[in-house]
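Thanks for coming. I will go through one model today, starting with a helix pair, then a sheet, then two single residues. Please have the structure open.

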Amino acid sequence: MSAVLRELLRVSEKAADIARACRQQEALFQLLIEEKKGAEKNRKFAVDFKTLADVLVQDVIKQSVEDKFPGLGKKVLGEESNEFTNDLGEKMIVRLCPTEEGTAELLSRVLGGNKSASEALARVVHQDVTFGDPALDAVEVDIPQDTLGIWVDPIDSTYQYIKGSADIKSNQGIFPSGLQCVTILIGVYDLHTGVPLMGVINQPFVSQDLNTLRWKGQCYWGLSYEGTNIHSLQLPDPKRKSSDTQSRGTEDTSSEGECPHGLSAVISTSEKDTVRAALARVCGERVFPAAGAGYKSLCVVQGLADVYIFSDGTTFKWDSCAAHAILRAMGGGMVDFSRCLRAPSGPARDWPQLVYHAGDEGAAGVDRWANKGGLVAYRSQKQLETFLSLLIPSLAPADART
């Protein structure tokens, strides 16, 4: 079923084209600008445009999967609801229509009659995209389609997408904020076990042409199923620390900064002070705040950081599934942070991996699908063992460490 992954690669690039078009086409960019005005937003627009862009990307992915693999589109779940109410009080479902003209007409109703924006968005939504990876074309893996579920985050780090900062400097290859932190996440998991099987992370904004101001992106993928592990960052020489397929800023910087244990971590800007203090004891100066759950996971995939840790329970299945699948293909994974803290000591412990098929029955709405115990994403089992063996004692009160 590697054909599914090939289709997800293609549709992720189409989604990236939509994300880029909303920033580069004047009619659409003006709607994004409106999102920056907060309470002063132009009330003539019936909906939040950034949410509309999210919904369209999600529906493009869903429809493309259904067209190629009938029945699978019904198993695509994501962050966004596609029901909107326009300024006349009419409820409507925003979806990809069979024709460009039909989609433009629907969008015009949603966008208060803004014909130029509706036509521009419909045009990019319906354009054909050819995209793939020769390394994947050579792989044939038979996974029963009826066992597959798909999580989608159509535009992760929406705030950075709307803000649109293009001049942020990286810190040892990691961007703390900016358009580089925007990702499109598609993860495939086993409906019965919840194990992530395939993942695609598309980073639409990697480098910008200073003459045309147009952006180019980068796509990463991985597949892990019954002994087959393949990913887009596979290295010809396992001793190498970086890959030609990685985006800019991925040079080896392990000698920079104080790093008493040789480990580095990427974290949320909202991470708890207690965790930050413990990380400082473990990683020294190599603790990098960054925006976007998808982007922080991608930093681990790229090898820019050894781990991504988030102690709070405010990421969701659609945030983590894609990267988790890629990391599994690389020999890593993603574990429940709070359960790791409670796990019995010992080198052979079975670390509690995140799973994606079951929600929290005690929660309501989208909170059902939260990774409520937090998470740690890692590239290798050895790194995880070392990291947690150092972090857990560092989280103890100061008098308990002496």
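Helix 9, residues 293-302, and helix 10, residues 317-330, have axes that come within 9 Å and cross at roughly 5 degrees. Axes here are lines fitted to C-alpha atoms, for helices over the stretch in contact, and angles run from 0 to 180 degrees between N-to-C directions. So helix 9 is roughly parallel to helix 10, a label given to angles under 35 degrees. Helices (H or I, at least four residues) and strands (E, at least two) are DSSP runs, numbered from the N terminus.

This is a predicted model: local features need pLDDT of at least 70, side-chain atom pairs count only at pLDDT 80 or more, and totals for chains, interfaces and linings use all residues. Residues are numbered from 1 along each chain as its sequence is written, and side-chain values use heavy atoms, with hydrogens and water left out.

Back to the helix pair. Which residues make the contact? On helix 9 they are Ala293, Gly294, Ser297, Val300 and Val301, and on helix 10 Asp319, Ala323, Ile326, Leu327 and Met330. Contact means heavy atoms within 4.5 Å. The residues of this contact divide into 7 nonpolar, 2 polar and 1 charged. Ala, Val, Leu, Ile, Met, Phe, Trp, Tyr, Cys and Pro count as nonpolar, Asp, Glu, Lys and Arg as charged, and the others, Gly among them, as polar.

Next, the sheet. It is open, with 5 strands in the order 10-9-11-13-12 and mixed pairing; two strands pair if DSSP finds at least two bridges between them. Strand 10 (287-289) and strand 12 (333-335) stand at the edges with a single partner strand each, so one side of each has no neighbour in the sheet. From one strand to the next, the twist averages 20 degrees.

Strand 11, residues 307-310, runs antiparallel to strand 13, residues 375-378, and 4 bridges join them. Phe310 has Leu375 as its bridge partner in strand 13. Helix 12, residues 381-394, packs on the sheet and touches strand 11, strand 12 and strand 13. The direction of helix 12 makes about 140 degrees with that of strand 13.

Finally, two residues. Is Ala19, in helix 1 (residues 2-24), buried or exposed? At 1% relative accessibility, Ala19 is buried, meaning under 20% relative accessible area with a 1.4 Å probe, protein chains only. Gln160, in helix 7 (residues 158-163), is also buried, at 8%. Leaving out residues up to four places away in sequence, Ala19 touches Tyr161, Pro204 and Phe205.

Notes: Parallel < 35°, antiparallel > 145°, perpendicular 65-115°, else oblique. Buried < 20%, exposed > 50% of the residue type's maximum accessible area, 1.4 Å probe, protein only.
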